[in-house]
Amino acid sequence: PAPSVMLGAIAGATERAKVGTNVTILPLHNPIRVAERAAVLDLLTGGNFRLGVSIGWQDHEFEAFGIDKRERVRRLEEGVELVRKLLTERSVTYDGEFHSVEYMTVTPRPVQDAIPIWIGGMADPAIRRAAGLGDVWSISPFESPEELRDRRETYTDALEKYGRTFDEVHVPLRREAYVAEDDETAWEEVGEALLREHAEVYGDIEGTDAMETGEDALESLREHAEDRFLVGSPDTVIGQLERFHDAIEMDEVLVRTHFPGLEMEHAEKALRIMAEDVMPHFE
C-alpha cells in the first residue's frame, strides 16, 4: 500500500538495481507529493529510479480516496504533466483543473535530468495515451503473444504520431512468473495462490471470473496462463520468453514470483532458479 516507503528500504540494500513503482494510481495522488517522493527516491538510488503510473480501474479505490472515477483520465494527464515539470524545471508555475502552483521548485533535485515516466495501459486509448504522455509503455502482464503483436502495432502507430519510433523506446515486459524443477512442481506450488489472485483481483479485466469456482478452476487457469504467464520448468519458461520476444521485442523483463498465500521460501526458490537457469540463456 506504500510503494515509496518500500522502495526507500530497497534503495538502501542495493547499489545497482533499478527500482520503480509499477504502478502508482496517479489520479488518487497529489502530483506534487508524487514528484517529491520521486526526487528523493532518485537520490537514494543514485539515479536508478523510474516512476510508473496508471489510471486505475477499481471503483472501491476511488470511493475510498474520495475521487470521482469519471475524472481519472483528466487527472492522469494533468498529473503526468505537472510531475514532469516539477522534476525537470525550477520555479514551476502551473494552473490546471485540479492542481495549481506558483514558482514551485522541488528540492533537493533528482539525480536524473528526467526521471523516466512509465504509463500502464491495456486498452487502445490507454496505449495511445502512453505513447503521447509517457517515456515508456508499461505493458500489463495479461496479454498473449498474439495480443501483444496487435497492441504493439497500436503503440507504434501512436508513437509515430508524436514523432517517435518503436526502436527508440524502452520496452519492458511484465509477467507473472514461477519457475520450478519441472512443470508439475511449479503448478503444484504456485497454482492455488495464483488462482486466488487472478480470480479475486484481476478476473474482471482478464475475463476469468468463471475460474473462481468449480472443480476445474485450476486447470482452467493453467490453460489461460499457458500463453500469458511464465510458469513451469526453466526450459518451459525460456520457450515462453522467446515467444514473447518474437511478439514485442522487449529489452527488459519484470517478474512477480510471490502471490498472496504462497510461502515466501517458494517465491525465493523460484527467483533463484530464474537467475541460475533461465537468465543465462539470454545473456
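Helices here are DSSP runs of H or I with at least four residues, and they are numbered from the N terminus; in that numbering, Q240 belongs to helix 10. The structure is a predicted model, and the points below cover two helix pairs, the nonpolar cores, the surroundings of Q240 and some backbone details.

**Helix 5 against helix 6**

- Helix 5, which spans residues 124-133, packs against helix 6, which spans residues 145-161, at an angle of about 40 degrees, and the two axes are 8 Å apart.
- Because this angle falls outside the ranges for roughly parallel (under 35 degrees), roughly perpendicular (65 to 115) and roughly antiparallel (over 145), helix 5 counts as oblique to helix 6.
- The crossing in which helix 5 passes helix 6 is right-handed.
- On the side of helix 5 the contact is formed by D124, I127, R128, A130 and A131, while helix 6 contributes R151, T154, Y155, A158 and L159.
- Sorted by class, the residues in this contact of helix 5 with helix 6 comprise 6 nonpolar, 1 polar and 3 charged.

**Helix 7 against helix 9**

- Helix 7 (residues 183-200) and helix 9 (residues 217-225) pack with their axes 10 Å apart and at an angle of about 105 degrees, and the two are therefore roughly perpendicular to each other.
- Helix 7 makes this contact through D183, E184, W187, G191, E192, L194 and L195, and helix 9 makes it through A217, L218, L221, R222 and A225.
- The class count for the contact of helix 7 with helix 9 is 7 nonpolar, 1 polar and 4 charged residues.

**Nonpolar cores**

- The largest nonpolar core has 52 residues, and within it F49, V53, Y155 and I248 are the members that touch the most others.
- Once residues up to four places away in sequence are set aside, V53 touches V23, T24, L26, L76, V80, I117, W118, I119 and G120.
- A second core, separate from the largest one, consists of 18 residues, including F142, A217, V231 and L262.
- Two residues link these cores to the helix pairs described above: Y155 of the largest core also belongs to the helix 6 side of the contact with helix 5, and A217 of the second core also belongs to the helix 9 side of the contact with helix 7.

**Q240 in helix 10**

- Q240 has a relative accessible area of 10% and is buried, because the cut-off for that class is under 20%.
- Apart from neighbours within four places in sequence, Q240 is in contact with E226, F229, L230 and V231, and of these V231 is listed among the members of the second core.

**Backbone details to check**

- Most residues other than glycine have a negative phi, and most peptide bonds are trans, so the following points are set out one by one.
- N22 and V23 are joined by a cis peptide bond with omega about 10 degrees; V23 lies in strand 1, residues 19-25, and is one of the residues that V53 touches.
- A cis peptide bond also leads from T107 to P108, with omega near 0 degrees, and P108 sits in the loop between strand 4 (100-104) and strand 5 (117-120).
- Y103, which is not a glycine, has a positive phi of about 50 degrees; this residue lies in strand 4 and is exposed, with a relative accessible area of 62%.
- E249 is likewise a residue other than glycine with a positive phi, near 55 degrees; E249 is located in the loop between helix 10 (234-248) and strand 9 (252-256), and its relative accessibility of 42% makes it partly exposed.

Note on methods
Residues are numbered from 1 along each chain as its sequence is written. This is a predicted model: local features need pLDDT of at least 70, side-chain atom pairs count only at pLDDT 80 or more; totals for chains, interfaces and linings use all residues. Side-chain values use heavy atoms; hydrogens and water are left out. Axes are lines fitted to C-alpha atoms, for helices over the stretch in contact, and angles run from 0 to 180 degrees between N-to-C directions. A crossing is left-handed if the near helix is turned anticlockwise from the far one by less than a right angle, and right-handed if clockwise. Contact means heavy atoms within 4.5 Å. Ala, Val, Leu, Ile, Met, Phe, Trp, Tyr, Cys and Pro count as nonpolar, Asp, Glu, Lys and Arg as charged, and the others, Gly among them, as polar. A nonpolar core is a set of buried Ala, Val, Leu, Ile, Met, Phe, Trp, Tyr and Cys residues joined through side-chain atoms within 4.5 Å. Buried means under 20% relative accessible area, exposed over 50%, partly exposed in between (1.4 Å probe, protein chains only).
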